[in-house]
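User: I am new to this structure and would like to understand the words used for it. Could you go through them with me, one by one?

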Amino acid sequence: MQLSVLDLPWWGLVLVTLGSTHVTIAAVTIFLHRHQAHRALELHPVASHLFRFWLWLTTGMVTREWTAIHRKHHANCESSEDPHSPQIHGIRKVLFEGTELYRMEARNAATLEKYGHGTPDDWIERKLYARHTRLGIGLVLGIDIVLFGPIGLSMWAVQMLWIPFFAAGVINGVGHYWGYRNFAPNDSSSNVVPWGILIGGEELHNNHHAYVTSARLSSKWWEFDIGWMYIRILEMIHLAKVRKVAPRIRYDTSKTRCDTGTLQAVITHRYDVLAKFARSVRPTAVAEVLSLRAGAIPGSRDSKALDPVNYLLQRDARELPEKERAVLQQALHSSTVLSTIYSMRQDLTAVWSRSAASKEQLVKQLEDWCRRAEESGIGALREFSRALRRYDSLTGDMP
């Protein structure tokens, strides 16, 4: 006796399960993340509501809650106010209990009030989607059992666990704990893998933190963001319109001095500038670290004792725990090279932090920075300052 409407082989059941979870991932990254939280694209009302309906069925997530929590994450990244930082809660907590952290923050009325603006507030959202969050996932359970029989329960379980683990766990946890970095924002965001397929492109998390409002998460030619591919398809059939993408970095090799174009480009691409600064001076800094390990700092023979020194290349020392900050300060005191590199990094970030200064003053500060870098006696700083002057303001949106 057949117990299901559809009699599929095992591989057919696997494909249906993976297909449904992938649609859910696409709905999260396109609708919740890029459209609702960051307004990087506009969606046709039909596409927008289909995504909303699917998420109600497969996750029970409320658009306003998810959007508010994600915006708060960006506003308070890796601080005590960050709803799901592995630096605060620990990687194990975020990876395996990320959904519970979401539920806790969703009960914070102040978070929803401050960060939940602009999200759907129509009749169906108030009366159905937000009020009866478990009804949709209950309907999916019934549909899975009717269509596929008892195995439908297992399929439903996978569908229910996919987003909590991969989106709430892997991206929020691993994406701030392990991976590679193209850019150097003042947080630990990382790209988990360069091919954003399994989690809709969200694997490229460091790129996202560098250009938060970009609809495209890939940056290098060898990176792939499947969510961006879906957005372009939606755009071609007039169901979406891209509003913002990360600007292209351009250079003018003939420039030898900083001008307003240099300033504009450096501010726009500041996280790229910091990443290139880190890569440029890293060999010099590593050589100094090895020298200090020879005994200049007590306890520095421990291979991990001077790890905080590497921190100065991309992060502000004030972000370090007190014990590690003390080790770093001792290293800076012991090495003129390291202290110069760190102070030059701080002075560079100050250029785009001085909002009260005029454009002319900032250009002068940037040129003064380049001059001091070239006079520092550190070859890496001299070469970087020459490269910095070539940044050009003729930026355009990525295709």
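User: Why is aspartate 347 called partly exposed?

Analyst: Its relative accessible area is 28%. Under 20% would be buried and over 50% exposed, with partly exposed in between (1.4 Å probe, protein chains only). At 28%, aspartate 347 lies in the middle class, so it counts as partly exposed. Before we go on: this is a predicted model, in which local features need pLDDT of at least 70 and side-chain atom pairs count only at pLDDT 80 or more, while totals for chains, interfaces and linings use all residues. Residues are numbered from 1 along each chain as its sequence is written, and side-chain values use heavy atoms, leaving out hydrogens and water.

User: How do you know that aspartate 347 and arginine 372 form a salt bridge?

Analyst: The term asks for a side-chain nitrogen of Lys or Arg within 4 Å of a carboxyl oxygen of Asp or Glu. Here the N to O distance is 3.3 Å, so the pair qualifies. The two partners come from distant parts of the chain, 25 residues apart: arginine 372 belongs to helix H17 (residues 359-375) and aspartate 347 to helix H16 (residues 336-351). Helices are DSSP runs of H or I with at least four residues, strands are E runs of at least two, and both are numbered from the N terminus. Arginine 372 is also partly exposed, because its relative accessibility is 32%.

User: What makes arginine 389 and glutamate 367 a salt bridge too, and where are they?

Analyst: Their side chains meet at 2.7 Å, N to O, which is within the limit, so the name fits. Arginine 389 sits in the loop between helix H18 (379-388) and strand E6 (391-392), and glutamate 367 in helix H17, 22 residues apart. Both residues are buried. Shared partners then join Arg257, Glu367, Glu374 and Arg389 into one network of salt bridges. In the whole structure, the search finds 18 salt bridges.

User: Lysine 255 and aspartate 259 also form a salt bridge; how far apart are the closest atoms, and why are the two residues put in the classes they are in?

Analyst: The closest N and O atoms of lysine 255 and aspartate 259 are 3.0 Å apart. Lysine 255 has 10% relative accessibility, so it counts as buried. Aspartate 259 has 33%, so it is partly exposed.

User: What makes the buried residues of H8 line one face?

Analyst: H8 covers residues 133-148. Its buried residues are Gly136, Ile137, Val140, Asp144 and Phe148. Seen down the axis, they fall within an arc of 90°, so they line one face of the helix; the arc is taken from the directions from the helix axis to the C-beta atoms. These buried residues pack against H1, helix H2 (45-58) and helix H9 (151-173), where a contact means heavy atoms within 4.5 Å. On the face turned away are the exposed residues Arg134 and Val146.

User: How do you know that the length of H8 is close to what is expected?

Analyst: H8 has 16 residues and spans 24 Å from its first C-alpha to its last, against an expected 22 Å. That expected figure is 1.5 Å times one less than the number of residues. Just after H8, glycine 149 takes a positive phi of about 80°.

User: Which residues other than glycine have a positive phi, and why are they classed as they are?

Analyst: Among them is arginine 39, with a phi of about 55°, found in the loop between helix H1 (10-37) and strand E1 (41-43). At 24% relative accessibility, arginine 39 counts as partly exposed. Another is glutamate 78, whose phi is near 65°, in the loop between helix H3 (63-75) and helix H4 (86-89). Its 11% relative accessibility makes it buried.

User: Why is methionine 236 called exposed?

Analyst: Methionine 236 has a relative accessible area of 60%, which is over the cut-off for exposed, so the word applies. This residue is found in helix H11.
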